[in-house]
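I opened the files to look up three things: confidence, overall makeup and the contact between chains. My notes follow.

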Amino acid sequence: MGLWPTYAHDEASDALPKAPTGISGFDDITFGGLPRGRATVVTGAAGAGKSMFAVEFLARGVLDHDEPGVLLSFEESSEELVANAGSLGFDLDAMCADGALVVDSAVGQTDDLLQSGQFDLEGLFLRLKASIEAVGARRVVLDTVETLFATLPDEIAVRREFGRLLRWLKGQDLTVVVTAEKGERRLTRHGVEEYVSDCVVVLDHRIDDEVATRRMRVAKYRGSQHGTNEFPFLITGRGLVVMPLHQVDPEAVSDERIGLGIPALDEMLGGGVFRGSTTMISGSAGTGKTTIAVTAADAACTRGERALFLSLEEPAGQILRNMRSVGVDLDRWRTEGLLRVEHLRPATMGLEEHLAALHLMLDEHRPDVVVIDAVGSLNRGVAAGASASVVARDIALLRSRGVTAVLTALTDEAGVEITEVSASSLVDAWLLLRNVEADGERNRLLYAIKNRGSAHSNQVREFLLTEHGPELVDVFVGPDGVVTGSRRELQEEEERRRERARRAEHARLDAELERRRAEVEAQVASLRRQLEAEVAAVAARADTEAASAVAVARDRAAAARRRSGDGTS
Amino acid sequence: MSGPETEGSARAPDAGFFRLRLYVAGQTPRSALAQANLAQVCESYLPGRHEIEVVDLLDQPDRARTDGVLVIPTLVRCLPEPVRKVVGDLSDTTRLLAGLEVSGVGGLGDVAS
């Protein structure tokens with residue numbers, strides 16, 4: 001869980017008064033800004049963004065906090081300072097004209113000084129004092145003090161005077177930023193941090209796999225909690241943007257569910273995904289991740305919401321064409337201005353530029369739903385670890401804006417890659433698409449691996465790309481597990497054949513039974529007739545016997561009469 | 001500036017003339033020491049061909065910024081050109097002379113002739 005440190009911020013233990021820098025994200029990681037009335041050293045190599053940090057600190061103080069400032073630079077001319085600030089969107093000339101800022105350049109003024117005897121920096125003191133009093137400054141920037149140490153002839157004297165200067169500035173209750181060059185084995189080349197012990201901010205401009213990334217770290221903050229991680233930051237046309245690693249909870253977590261455009265999928269997810277949540281669709285090549293993601297954007301536009309489709313893989317035209325072939329027409333949404341399709345090539349772009357570009361697009365288009373396809377592509381331009389962290393940064397950025405995000409991630413068939421592993425803990429819903437190879441064809445299965453905030457079982461569906469768009473079909477669970485595609489169809493046909501056979505058998509058995517019943521009944525009838533015949537025969541014989549007995553008796557009587565009749569006749 | 005400029009242009013052909021400006025901040029011991037050291041060196045090495053202006057930044061605080069002064073004391077050789085700067089209480093005479101390029105005066109004179 002290294003990506004998501006949780007800061008249990010205790011207000012009571014953090015009573016140190018702070019001066020908000022106004023630098024986006026920085027005041028979050030320092031819980032309020034720089035120590036008020038104290039000095040902060042901002043250190044880093046040349047080009048790390050020290051001066052930019054310092055200038056924005058002053059400009060925001062003037063613009064947003066009604067705190068006039070003094071900028072004393074040993075490195076750049078006033079013209080250069082004004083131009084550089086202009087690139088951040090700050091008009092220093094206007095602030096000076098308003099009497100809220102003094103821009104003083106001492107560039108070159110410590111060059112070629114020959115020393116003869118002891119000296120001090122009383123001139124610097126008086127110079128700063130005059131500027132501070134001129135505008136009633138609350139903030140002071142010294143950029144870059146290294147120059148003093150590097151060019152003045154007596155370093156011991158400079159150290160003594162620098163320490164005295166900082167004590168004096170703190171005594172004036174001024175919030176001070178001192179920029180200094182990064183040292184080899186210490187934070188600054190000349191150990192400036194020994195005098196500026198309140199807060200140390202380290203800026204870094206690193207090259208990872210040939211892609212430059214800016215990072216910021218609060219190395220020290222006396223008396224205050226602070227995030228100790230390295231935070232990537234951007235220098236944009238609207239100032240610095242520090243990307244906090246910790247999750248910025250949107251003001252209200254939405255209970256509203258929104259559909260992803262595939263009814264069966266929404267049903268599978270318990271009615272869709274939560275608004276403002278992040279859904280990851282991962283899978284290997286050709287599994288249909290992009291199609292599902294595009295369908296989600298299409299569904300958003302159908303609801304009348306705004307969507308941003310950010311492709312890191314294919315150019316926009318290619319996506320639109322591919323989607324038409326599966327029945328999703330995105331052109332009309334683009335025409336209506338609801339959909340913006342952008343293609344960024346990660347390989348040619350640093351993480352900073354990537355995030356800055358995303359920032360800018362979110363500001364300009366203000367989408368409700370953002371699709372990024374595919375975050376795994378970030379790997380091509382940058383180191384794997386950096387890619388995973390930029391995915392986390394993307395998610396944090398989208399989440400902080402309450403945007404519903406659908407990200408796709410490419411995984412290889414064999415296993416899961418780093419983006420999947422690390423990002424899976426950051427997303428709310430995770431769908432996994434898997435190719436299933438059997439009987440010489442590939443079919444797709446869709447698993448709902450995770451669905452935060454919803455009752456769900458680890459469900460699986462077969463995913464079909466039809467000309468009417470994507471569809472989900474209940475999978476057939478056969479004796480050998482899940483069966484898909486034509487094998488599923490074969491299975492189903494076999495099932496139907498068996499059913500027909502079973503029914504035929506039933507009918508046959510019924511007929512047989514009927515026949516047996518008829519047969520038995522016929523037999524019964526026959527037996528009954530036989531019995532009746534026998535009964536009749538018996539009766540007939542009894543009659544005959546009776547008749548013959550009568551006849552016998554009559555014969556006997558006749559015979560007797562004949563014997564006696566001889567006498568009587 | 002017309003006055004000093006006229007004065008300067010009048011003396012410009014004399015390449016050996018030194019116009020010097022010493023920035024101090026109040027009458028501190030270091031400030032006093034620098035002024036004393038400078039006066040002494042000028043008397044010894046640049047007699048009659050130098051001019052010293054002392055600027056006290058306590059009296060004119062804006063000149064620290066306009067004149068680009070950070071280190072106190074700062075001695076500026078305004079003439080002869082190019083401008084040279086020496087910082088410190090000027091107690092190291094050798095380095096002060098090297099800083100003012102006083103040894104190069106003869107060479108400049110040759111160029112002028």
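First a term I need: pLDDT is the predictor's confidence in each residue, from 0 to 100. I need it since this is a predicted model.

Confidence. I looked up the average for chain A and found a pLDDT of 82. In chain A, 85% of the residues score at least 70. Next I asked where confidence in chain A is lowest and where it is highest. The low end is helix α14 of chain A, residues 418-424, with a mean of 53. The high end is strand β4 of chain A, residues 69-73, at 96. I also checked residues 1-13 of chain A, where pLDDT stays under 50. The model has 19 contacts beyond four places in sequence for residues 1-13 of chain A. I note that predicted coordinates should not be read in detail where pLDDT is low.

Makeup. I counted 15 helices and 25 strands in chain A. Chain A has 569 residues, and 45% of them count as buried. I then took the contacts in chain A between residues at least 6 apart in sequence; 71% of these join residues at least 24 apart.

Contact between chains. I found 23 residues from chain A and 27 from chain B in the contact. On the chain B side, α3 (62-66), β4 (84-87) and α4 (93-100) each supply at least two residues. The largest share, four residues, comes from α4(B). By class, I get 15 nonpolar, seven charged and five polar residues on the side of chain B that touches chain A.

Strands across the chains. I saw strand β6 of chain A, residues 113-115, joined to β4(B) by three bridges. The two strands run parallel. I looked up A:L113 and found B:K85 as its bridge partner in β4(B).

Methods. Residues are numbered from 1 along each chain as its sequence is written. Chains are lettered from A and ligands numbered from 1 in the order in which they are written. This is a predicted model: local features need pLDDT of at least 70, side-chain atom pairs count only at pLDDT 80 or more; totals for chains, interfaces and linings use all residues. A residue is buried if 20 or more other C-beta atoms lie within 10 Å of its own, exposed if 12 or fewer, and partly exposed in between; C-beta atoms are placed from the backbone. Two residues are in contact if their C-beta atoms, placed from the backbone, lie within 7 Å. Ala, Val, Leu, Ile, Met, Phe, Trp, Tyr, Cys and Pro count as nonpolar, Asp, Glu, Lys and Arg as charged, and the others, Gly among them, as polar. Two strands pair if DSSP finds at least two bridges between them.
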